[in-house]
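Grab a pencil and open the viewer: here are some exercises to work through, each with a solution that goes step by step. Try each task before you read on.

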Amino acid sequence: TATAALAFLSIESKAQEKTQLIVQTTRPRQEFQGLGAGAIFYEAHITSLAARNKNERQEQLYDDMFARLPTRYLQLMIREIHEPSNDNNDPYVPAFDDKNFEYCQHTLQIAKAALKRQPEIQFYATLYTPPPWMKTNNDPSAGGEARATIKDGLELEVAEYAWAFLAHMQKNGVPVQFLSIANEPDWPHTQPGYCLTAEKHAALIKIVGEYLDKMAKTHPSVPRPKLVGPNTLSAPGAAKDYLPPVLKSAAKYLDVVGSHDYDPRGDRWGNLKKLAGQRPLWVTEWCPRKKDNSPGMIHSALDYGVAMHEAFSGGANVFLAYDWVYPPRDSGEALIHVNWGNEYTLTKPYHLFRQWAEPLQPGMRVLEITTVGRVPEGLKPTAFIAAEHRAVVVHVANASEKELPIMLKLTGKFTTAITAQRKRTSATEDGVPLADLSAIAGGFNDVLPARSLVTYRLEGAGK
């Protein structure tokens, strides 16, 4: 009947209804300062191809990590190994044995490979745990619910221990620019680590900051790192509990506000941004941890896209993926899987992360995006504008199981843009360039496949 036909057409029209994404190019927000990833836990896997004399393949791995994916930061792990017993009773007179730094050979190889391909890359070291003799449980583990911490009176020894890693790296040609004194001090886990109450963390930040100032004067060859904290598992917990005591008693020593993002409650980045003031705001770690049997782990890849969208939309300046490399597994913690000494595989999370990173440069600014029409669940747009306002980059993630039609519109001088370059990562594509879109009625129409990231680059008039 005519009524049934009209009803069907109405349903079909709603199904194809486009969501308008309006990029407000005259409303720049915070500065984008870069992306990064870590060489954590599996450093020997990263270097294992060379260990098996597969030198060409080793170089190709480094190219995939540092030449083809432009990250600005590499996070390094400070292990509990290089002071098995106290070197002496004066933390201002380090007397460390070089043989105890042998574990750093992998870290140094990776860092030098990064510097060779990206001379501007910066290194961020994180102390996972002091050596067992400094801790209440005499073990590398954080102790679970028992919450192992440092023994009373050994705070300066912790500072000296972290500094010794910086000095060893510098001596071997790798300056470290950033330092966190703990990894997830708020989480009672059983991995290598140590727990700190908010008050104890603030006190330790002050002690370490003062120590670094003194060592910078007596050992000027070792760069004084900027302190990043509180580096908690919970960003809401950082804003509510951990950051206020630091700002009250040790604000002059905290250079960067940073937290992991495993507690996605509320306006976590907005709240931290308010507390940070002029300090940069970093997502110091994030990864998907669910089992993922989707093609190439495309589900985990889109989880990365959503996490980056939430971070930069919330006010973050930097986003660090948790780890570059893990052994092969069915979850998305790492960007690359290395079968020790044999071969490596680039995952969908790698390809999406690379697509996100390629068109962005430090100094760009995040842009506000407004929407017209119903915003489907899973549609996550994030926009950046070049420092000279010559180009705009828009990442649009579709984390849903349905294809989504959109119209992309820009304000300001970009209203007259006539073409939009495109790239796409999906279940069947890895950062594939697509045909340029042409403007129609002042906008760009596109359909996003299910579980995909499409990146648009547009240039304004008067380029």
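**Exercise 1. A proline in a strand**

Find the strand that holds Pro230, then look at the peptide bond between Gly229 and Pro230.

*Solution.* Start with the place: Pro230 sits in strand E6, which covers residues 226-230. Next, check omega for the bond joining Gly229 and Pro230: the angle is about 5°, and the bond is cis. Keep in mind that you're looking at a predicted model.

**Exercise 2. How sure is the predictor?**

Work out which element of the protein chain has the lowest mean pLDDT and which has the highest.

*Solution.* Begin with the whole chain: its mean pLDDT is 95, and 96% of the residues reach 70 or more. Now go element by element. Strand E5 (residues 178-180) has the highest mean, 99, while helix H1 (residues 2-15) has the lowest, 43. Then zoom in on residues 2-15: pLDDT stays under 50 there, and the model has 0 contacts for this stretch beyond four places in sequence.

**Exercise 3. Counting disulfides**

How many disulfides does the structure hold? Why is Cys287 not bonded to Cys195?

*Solution.* The count is 0. For Cys287, look for the closest cysteine sulfur, which belongs to Cys195. The gap is 19 Å, so the two are too far apart for a bond; a disulfide needs the sulfurs within 2.5 Å. Now for accessibility. Cys287 has 4% relative accessibility, so it counts as buried. Cys104 is at 0%, so it's buried as well.

**Exercise 4. Phe319 and its surroundings**

Is Phe319 buried or exposed? List what Phe319 touches, not counting residues up to four places away in sequence.

*Solution.* First, locate Phe319: you'll find it in strand E9, residues 318-321. Second, check its relative accessible area, which is 0%; because buried means under 20%, Phe319 is buried. Third, go through the contacts. Phe319 touches Gly34, Leu35 and Gly36, then Val283 and Trp286, then Tyr304, Ala307, Met308, Ala311 and Phe312, and finally Phe353. Pick out Met308 from that list: it is 11 residues from Phe319 in sequence, and their C-alpha atoms are 6.9 Å apart.

**Exercise 5. Two helices and their cover**

Which residues of helix H11 are buried? Which elements help cover the buried residues of helix H9?

*Solution.* Take H11 first. This helix spans residues 348-357, and 9 of its 10 residues are buried. They are Lys348, Pro349, Tyr350, His351, Leu352, Phe353, Gln355, Trp356 and Ala357. Remember Phe353? It's one of the residues that Phe319 touches.

Now H9, residues 268-276: its buried residues are Arg268, Trp269, Gly270, Leu272 and Ala276. Their cover includes helix H8 (235-249), strand E7 (256-260), strand E8 (281-286) and H10. Step just past the end of H9 and you reach Gly277, with a positive phi of about 65°.

**Exercise 6. The largest pocket**

What lines the largest pocket, and which helix gives the most residues to the lining?

*Solution.* Here's the general idea: rolling a probe the size of a water molecule over the atoms shows where empty space is left. In this model, the largest pocket has about 360 Å³ of space. Its lining is made of 14 residues, and Pro264, Trp286, Pro288, Lys290 and Asp303 lie nearest the centre. Sort the lining by type and you get 8 nonpolar, 6 charged and no polar residues. Helix H10 (residues 298-314) gives the most, with 4 residues.

**Exercise 7. Loops and positive phi**

Find the loops that hold Phe41, Arg147 and Pro132, and check phi for Phe41 and Arg147.

*Solution.* Phe41 is in the loop between strand E2 (34-39) and helix H2 (43-46). Its phi is positive, about 70°, although Phe41 isn't a glycine. With a relative accessible area of 24%, Phe41 is partly exposed.

Arg147 lies in the loop between E4 and H6. Phi is positive here too, near 55°, and Arg147 is partly exposed at 41%.

Pro132 is found between strand E4 (122-127) and helix H6 (155-171). At 23%, Pro132 counts as partly exposed. Leaving aside neighbours within four places in sequence, its contacts are Glu80, Asn138, Asp139 and Pro140. Last step: from Pro132 to Glu368 the C-alpha separation is 48 Å, with their positions 236 residues apart along the chain.

Methods: Residues numbered from 1 in each chain as written. Predicted model: local features only at pLDDT ≥ 70, side-chain atom pairs only at ≥ 80, totals over all residues. Heavy atoms only, no water. Buried < 20%, exposed > 50% of the residue type's maximum accessible area, 1.4 Å probe, protein only. Helix = DSSP H or I, 4+ residues; strand = E, 2+ residues; numbered from the N terminus. pLDDT = per-residue confidence, 0-100. Contact = heavy atoms within 4.5 Å. 1 Å grid on protein atoms, 1.4 Å probe; cavity = no way out; pocket = protein on both sides within 12 Å on 5 of 7 lines; lining within 4 Å. Points joined across faces, edges and corners; volume = space filled by probe spheres on them. Nonpolar A, V, L, I, M, F, W, Y, C, P; charged D, E, K, R; others polar.
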